[in-house]
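Biologist: Hi! Could we go through this structure together?
Modeller: Sure, here it is.
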Amino acid sequence: MAPTVLVAIEKPDSFSIVQVNASDSHLFHEKQKSASPKQFSWFLLLKAYKAFTFLSWLAMVSKATFTAIKKRILLSNIREDEPRSRGRLYKFIKVFLVISVVSLIIEVVAHLKKWNLNLIQTWEVQSLVEWSYMAWLSFRLDYVAPLVTTLSKFCIVLFLIQSLDRLALCLGCFWIKYKKLRPTISNDAFDIEDPSSFPLVLVQIPMCNEKEVYAQSISAACQLDWPRDRFLVQVLDDSDDGTLQLMIQDEVSSWRHKGINIIYRHRLIRTGYKAGNLKSAMACDYVKDCEFVAIFDADFQPNPDFLKQTIPHFKGNPELGLVQARWSFVNKDENLLTRLQNINLCFHFEVEQQVNGVFLNFFGFNGTAGVWRIKALEDSGGWLERTTVEDMDIAVRAHLSGWKFIFLNDVRVLCELPESYEAYKKQQHRWHSGPMQLFRLCLPAIITSKISLWKKTNLIFLFFLLRKLILPFYSFTLFCIILPLTMFIPEAELPLWVICYVPIFMSVLNILPAPKSFPFLVPYLLFENTMSVTKFNAMVSGLFQLGSAYEWVVTKKTGRSSESDLLSFAEREIKTSHQEKILRRHSESGLELKSKLKEQETPVDVKKRNRLYRKELALAFLLLTASARSLLSEHGVHFYFLLFQGLSFLAVGLDLIGEQVS
């Protein structure tokens, strides 16, 4: 029997009974959805409790954030950044910020008073301030907006050209993978049973105050799988610390006593930085007997088979001057900063270097993890001290001399990424100011060289102008200057595809070589725009030969070892277990040197603190001001982009990204 439900409904003046059968299910469900006043009250209380909990959490987070920011401002080492902050770019950003804040105040007043050029006639103007504002609107419409529109269109054209270049590189990379194009070597390159058939190789390790990594780099170089009498290791020490020099000498002596051909060199006159160091080393008499030179920076640890994977490419290829290997990073997952760097460098090696190597036989030498034919170095003029990018300099001159390059994407060498924003910023400044110095110096040689017109065009317009000058110019001008400016000049508003669709698509292309980094797509896009101020400033200083263009700061190393690094080290130990182990000398002098070095590593009074970066902070407030102005115009995507970009600049300006110093 179907159940029956009796529902009593009380009214002030009557009483009735409604019978609901089980078959009338729709009536039963409708009655079930209704709620009593008591339930509704509990529902409101629950919502109020959730809102109160969220607001209290938000207040606590905001308080903690502002406390951290206040502490960072009070404790930051501001004086170190003051000389750089007094440049023209910083002054321009400050003036722009002041004008933006004043304009925002005027726009808010005009919005509240409903001043509008289209709604108010001239005879309806009631005050001088209102008349001035209406005059500004007319002037802005007739003169300012066309100028800003023209500048924005110019930057958009540059943006699209650079995006097409990036897309062409990605298509080239897909074609390489589809066709499985890669450099090959002949099976009979060298006679394994006859060590004399192996060419004599010079291994150079230039270093300067690298106390964290000198031991592991020397160890990796000395354990290369190559006949011992067919390679020579040069430790080129430019350190100015006497104790560290003795420690490096002690490390070199320990390997020499085991039979490794290793030499320690220290220059008395340290001119020319790394280029001067390499130039001095190549002048030694014993270098004339070597046919190739492999270069590793102090934090690079090649695998034992590195020479066997690179040197054979030279045999039967007399026009080959350089074989470049790829970098692999032991600390790519250390913090957000290293993750974002890994995205950029993976694209650089897998796409840029590989595509240029396969289709053009030319790319910029990365300064390390590469093998040069010594004849190519000599034919190109050797190392020169005229720029801070000696690696790119020698690569361009070798290309002009007719030498070809090969990039090996499968051969990887372990190294480190900068973990602090200070170290990364200095590195990027050198990497973006040096190419502009080199462009000024090499342009006449490129024009008058005997290479083909296509190669000249590639060098001038693609290698230098598009990728080294136009990229930092439009990224800073378009997204950090023009975009906030259009919020105060609505007539010149940027289209949505410029600030959203195309940048996201380009960022997706950049992340493809590092697919595990896809969760960091938005931070990567924001951080690249944030770094544009540093790259733009470096590009201008290099192009116009300003003082900061000649700065050379050795990137700070930590000497970290990843899990893969430890496993590879264990494999090396197993392979060499049947051989006599290399013992480190523990003499009395060595112990004294080690204790002195430890005292230097752990000083009693550590005064190092995180820094403030004023250009980034000024741009942060500028973008946040523009985002507030966009609220009045009810911009959707523009507001969110400016808001998050401003917060990104704020985090970088307060040095809250990367390694933190307590």
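Biologist: Which strand does β3 pair with, and in what sense?
Modeller: Strand β3 (residues 201-207) pairs with β6 in the parallel sense, over four bridges. Strands here are DSSP runs of E with at least two residues, helices are runs of H or I with at least four, both numbered from the N terminus, and two strands pair if DSSP finds at least two bridges between them. This is a predicted model, where local features need pLDDT of at least 70 and side-chain atom pairs 80 or more, while totals for chains, interfaces and linings use all residues. Residues are numbered from 1 along each chain as its sequence is written, and side-chain values use heavy atoms, leaving out hydrogens and water.
Biologist: And what stands opposite Val293 in β8?
Modeller: Trp372 does. Strand β8 (residues 370-373) runs antiparallel to β6, with four bridges joining them.
Biologist: Which way do the β6 side chains point?
Modeller: Phe292 and Ala294 point one way, Val293 and Ile295 the other, and all are buried, meaning under 20% relative accessible area (over 50% is exposed, in between is partly exposed; 1.4 Å probe, protein chains only).
Biologist: New topic: how many salt bridges are there?
Modeller: There are 19, each a side-chain nitrogen of Lys or Arg within 4 Å of a carboxyl oxygen of Asp or Glu. One of them joins Glu350 and Lys177, at 2.8 Å from N to O. Glu350 lies in helix α10 (residues 336-359) and Lys177 in helix α5 (residues 128-179), so the pair ties together parts 173 residues apart in sequence.
Biologist: Is Lys177 buried or partly exposed?
Modeller: Lys177 is partly exposed, at 46% relative accessibility, whereas Glu350 is buried at 9%.
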